[in-house]
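Me: I'm new to reading protein structures. Could you walk me through this one, feature by feature?

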Amino acid sequence: MRISFEKVVAILVQINYLQDENLAVYRELNKADLLRKIVIFKELSAASLAVIERRIQTFEFKKGTQIIAEDEVAKGVYFIFSGAVKLTKRDENGNEIIVCMKQQGDIFAEACLFTNNAECYPATATMLENGKILFLDKQELEKDLADYPELALQLVRYMSDALREMTGQLRDVALLDVYAKTVKTLQRLGAKFNTDGKRWGIEIPLTVQEFATVVGTTRESVSRVFSKLRKDELIEMKSRKIVILDWCKLCTLAHHGY
């Protein structure tokens, strides 16, 4: 009699082999194929990739699962093979603020590299969609970066691009009005989640409230802008997602006068 994978997981949970059924379950996969989906591993030589392949751990997480917390001691770096992740922090009132969103091929928690061993993660990471996450131990990755310069160079390039994107976001927050910030943020997130190069029906897995924290304004302000964009048939809300109806029209609007 054959037993399904899900049944095996359920049995392991019942006997406390797995402490949390929402946490990831390791699977044997073709890791080389997985690694080529990650930005910094795409151009690596076969020798360098083989080193990473021996160390990488592969997990699957369900939507809503918290992967790391900002008050947790950093143990390693994460790579997104599939799904999406939001990185959040809490303000003094306990309100959640989304500081960054990561998509397929992205890295998160890389800020913990080459820091004190007791350094905590800079933000909390939570799954926005079901997905597959890869993990590398911090100390092992630091050693590999020292031993394989091409890997270090790819990571520096990735972090440089991320810094450039963050600088652009800060500029928009400081200089643009709410309408312009909302449109620019829609364009930026739309580009991140439009992995298939579609023109119509691009889904951003955020509620209006979550999107407002990304923009850095109130839900009411974003709702007013969204009402106008819906009237212009640029976006719609569906199942706790923001859907861009026409990517080209949105890009034209985003570049008009900003």
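Reply: Sure, we'll go from the overall picture to helices, cores and a few single residues. Keep in mind that this is a predicted model.

Me: Let's start broad. How many helices and strands does the protein have?

Reply: You'll find 9 helices and 11 strands. Of its 258 residues, 44% count as buried. The protein exposes about 14100 Å², and carbon and sulfur atoms supply 52% of that area.

Me: What share of the contacts between residues at least 6 apart in sequence join residues at least 24 apart?

Reply: That share is 72%.

Me: Now helices. How do I read a pair that packs together?

Reply: Two packed helices are described by the angle between their axes and by the distance between those axes. Try helix 4 (residues 138-147) and helix 5 (residues 149-175): their axes are 5 Å apart and the angle is about 110°. Angles of 65 to 115 degrees count as roughly perpendicular, so helix 4 is roughly perpendicular to helix 5.

Me: Which residues make that contact?

Reply: From helix 4 come Leu141, Asp144, Leu145 and Asp147, and from helix 5 come Pro149, Leu151, Ala152 and Leu155. By class, this contact has 6 nonpolar, no polar and 2 charged residues.

Me: And what about helix 7 and helix 8: at what angle do their axes cross?

Reply: The axes of helix 7 (residues 208-215) and helix 8 (residues 219-231) cross at roughly 105° and come within 9 Å. Helix 7 and helix 8 are therefore roughly perpendicular to each other too. Here Val208, Gln209, Phe211 and Ala212 of helix 7 meet Arg219, Val222, Ser223 and Phe226 of helix 8. Sorted by class, the contact of helix 7 with helix 8 has 5 nonpolar, 2 polar and 1 charged residues.

Me: How should I think about a nonpolar core?

Reply: In soluble globular proteins, nonpolar side chains tend to be buried together. In this structure the largest nonpolar core has 40 residues, and those touching the most other members are Ile40, Phe41, Ile67, Tyr78, Phe79, Val85 and Phe108. Take Phe79: leaving out residues up to four places away in sequence, Phe79 touches a list that includes Ile38, Ile56, Ile107, Leu134 and Leu141, along with Asp106 and Lys132. Apart from the largest core lies another core, of 28 residues, among them Ile202, Ile204, Phe211 and Leu250.

Me: Someone mentioned phi angles. What should I look for there?

Reply: Most residues other than glycine have a negative phi. Ala109 has a positive phi of about 75° although it is not a glycine. Arg240 has a positive phi of about 60°, and it isn't a glycine either.

Me: Where are Ala109 and Arg240 found, and is each one buried or exposed?

Reply: Ala109 is in the loop between strand 6 (107-108) and strand 7 (124-127), and at 8% relative accessibility it counts as buried. Arg240 is in the loop between strand 10 (235-238) and strand 11 (241-244); at 60% relative accessibility, Arg240 counts as exposed.

Me: One last residue: what is Cys112 in contact with?

Reply: Cys112 also lies in the loop between strand 6 and strand 7, and it is buried, with a relative accessible area of 0%. Setting aside neighbours within four places in sequence, Cys112 is in contact with Ala74, Gly76, Val77, Lys138 and Glu142. Cys112 and Val73 are 39 residues apart in sequence, while their C-alpha atoms are 9.3 Å apart in space.

Definitions and conventions
Residues are numbered from 1 along each chain as its sequence is written. This is a predicted model: local features need pLDDT of at least 70, side-chain atom pairs count only at pLDDT 80 or more; totals for chains, interfaces and linings use all residues. Side-chain values use heavy atoms; hydrogens and water are left out. Axes are lines fitted to C-alpha atoms, for helices over the stretch in contact, and angles run from 0 to 180 degrees between N-to-C directions. Helices (H or I, at least four residues) and strands (E, at least two) are DSSP runs, numbered from the N terminus. Angles under 35 degrees count as roughly parallel, over 145 as roughly antiparallel, 65 to 115 as roughly perpendicular and the rest as oblique. Contact means heavy atoms within 4.5 Å. Ala, Val, Leu, Ile, Met, Phe, Trp, Tyr, Cys and Pro count as nonpolar, Asp, Glu, Lys and Arg as charged, and the others, Gly among them, as polar. Buried means under 20% relative accessible area, exposed over 50%, partly exposed in between (1.4 Å probe, protein chains only). Accessible areas come from the Shrake-Rupley method with a 1.4 Å probe; for residues, only the protein chains shown count as cover. A nonpolar core is a set of buried Ala, Val, Leu, Ile, Met, Phe, Trp, Tyr and Cys residues joined through side-chain atoms within 4.5 Å.
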